[in-house]
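Reader: I should like to go through this model with you, beginning with how far it may be trusted. Please keep each answer brief and end on the item requested.

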Amino acid sequence: MPIPAKPVVPQSGGYLGQPQVPVPEPWQHTYASITGANGEGEEIPLTGFQSASWPAIVLQPGATGLDMPPFEVHMDDSPNLDGSTFRSARAAARQILLPVFVYGIDRRTLREFKRKLATALNPKRGYCVLTFMEQDGIARRLQCYYAGGMEGAETIDASGFKWITYGIQLTATDPWFYSDTEVAASWSFGTAQPFLGNPFFPIRLGKGTLATSTIEVTNPGDIEAWPVWTITGPLKSFNFTGPDGTSWGIPAAAGGADVLLNGRTLTVDCRPGFKTVLDDQGTNYFPLLAANPSLFSVPPGTSTVQTALVAGSGTPTVSMQLFPRYSTY
């Protein structure tokens, strides 16, 4: 049944207060494209006629899987209590359906384009990149693998002599959209560097003197992002503690020698599937990390990272890069 609502009663011929009438902002249609061969192939637009060349492929109404990714929610049941207890949740692979209409000026151009599209989507040649761009010019990209839908059907309502329709099915193993804008910050000992336009306190270290500092980092995305840290020596020891309380670092060496030599650059890649600690000469520093290291992520919004570093006889620097992740385009 309808939910009853209290009517708004005008006072003295008018409403309480002056309602603000929103003015809609003019907005162009969304641009979409697909690029094969691990994103290195030719970009194929899916929305509208981008040029006078033929054939044309147009994304039809009915696309699915482009907003929130699916989640797996894990719960425990108790035999003595009502309901369940939430334990954890994880985003699952994203399933996408793209209904497209392909039209050729003649039979030959249609056949050539079908072969071109099939080559771009072939998962044996790598993933394809699905790109969406709104009027603001900010691109969101999703890496997908072709799963089906281009088998083709010669029925009267699915194809003709110069046209054909497909329901292209894609699977995004990483269900999050990425932007082209890399968020970066850098700090040199004794000189403050801005991060997304916000000032930072400098990390000041004397020779062989322990210093602790709290630095703020900002992740503009919708979900946690995995940073890549770059550290330039000399350092006798260092440790980074993330917003979740976990940490990683290299303790001081016996005898007081530098664990990271002057001029040597160490790259700590926290991204899943990488998780590497390598210097600029390819030396693996992972065995030197303290026990139970956690290459932590950066949550959305503004958070803090605790640093504890002991400099050697030089001027060390620290920088961080991350690509924000988004739940939708």
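Reader: In which strand is confidence highest, and in which is it lowest?
Author: The model is predicted, and confidence varies along the chain. Strand β12 (residues 210-219) has a mean pLDDT of 73, whereas strand β16 (residues 265-269) reaches 95. The highest confidence is therefore in β16 and the lowest in β12.

Reader: What average pLDDT does the chain have, and over which residues does pLDDT stay under 50?
Author: The chain averages a pLDDT of 84, with 85% of the residues scoring at least 70. Where pLDDT is low, predicted coordinates should not be read in detail. That caution concerns the 54 contacts beyond four places in sequence that the model has for one stretch under 50, namely residues 190-211.

Reader: What is the strand order of the open five-stranded sheet, and which strands lie at its edges?
Author: The pairing in this sheet is antiparallel, and the order is β11-β19-β13-β16-β17. From one strand to the next, the twist averages 15°. Two strands pair on one side only, and these edge strands are β11 (183-188) and β17 (276-279).

Reader: How many bridges join β11 to β19, and which residue stands opposite Ala-184?
Author: β11 and β19 (residues 317-322) run antiparallel and are joined by six bridges. Opposite Ala-184, the residue in β19 is Gln-321.

Reader: Which residue has a positive phi although it is not a glycine, and where is it found?
Author: The residue is Lys-275, with a phi of about 50°. Lys-275 is found in the loop between β16 and β17.

Reader: Which peptide bond is cis?
Author: The proline concerned has its place in the loop between β13 (228-232) and β14 (235-241). Omega is near 15° for this cis bond, which runs from Gly-233 to Pro-234.

Reader: Which residues form the nonpolar patch on the surface, and which strand gives the most to it?
Author: The members are Met-68, Phe-71, Val-73, Met-75 and Phe-86, with about 530 Å² of accessible area together. Phe-71 has its place in strand β4. With three residues, the strand that gives the most is β4 (residues 71-77).

Reader: How many salt bridges does a search of the whole structure find, and what is the N to O distance between Arg-90 and Glu-72?
Author: The search finds 10 salt bridges. Arg-90 in strand β5 (residues 84-91) and Glu-72 in strand β4 are 18 residues apart, so that the pair links distant parts of the chain. The cut-off for a salt bridge is 4 Å, and the closest N and O atoms of this pair are apart by 2.8 Å.

Terms used. Residues numbered from 1 in each chain as written. Predicted model: local features only at pLDDT ≥ 70, side-chain atom pairs only at ≥ 80, totals over all residues. Heavy atoms only, no water. Pairing = 2+ DSSP bridges. Helix = DSSP H or I, 4+ residues; strand = E, 2+ residues; numbered from the N terminus. Axes fitted to C-alpha atoms, helices over the stretch in contact; angles between N-to-C directions. pLDDT = per-residue confidence, 0-100. Contact = heavy atoms within 4.5 Å. Patch = residues over 30% accessible without salt bridge, like charges linked within 9 Å, V, L, I, M, F, W, Y side chains within 5 Å. Areas by Shrake-Rupley, 256 points an atom, 1.4 Å probe, with all protein chains shown as cover. Salt bridge = Lys/Arg side-chain N within 4 Å of Asp/Glu carboxyl O.
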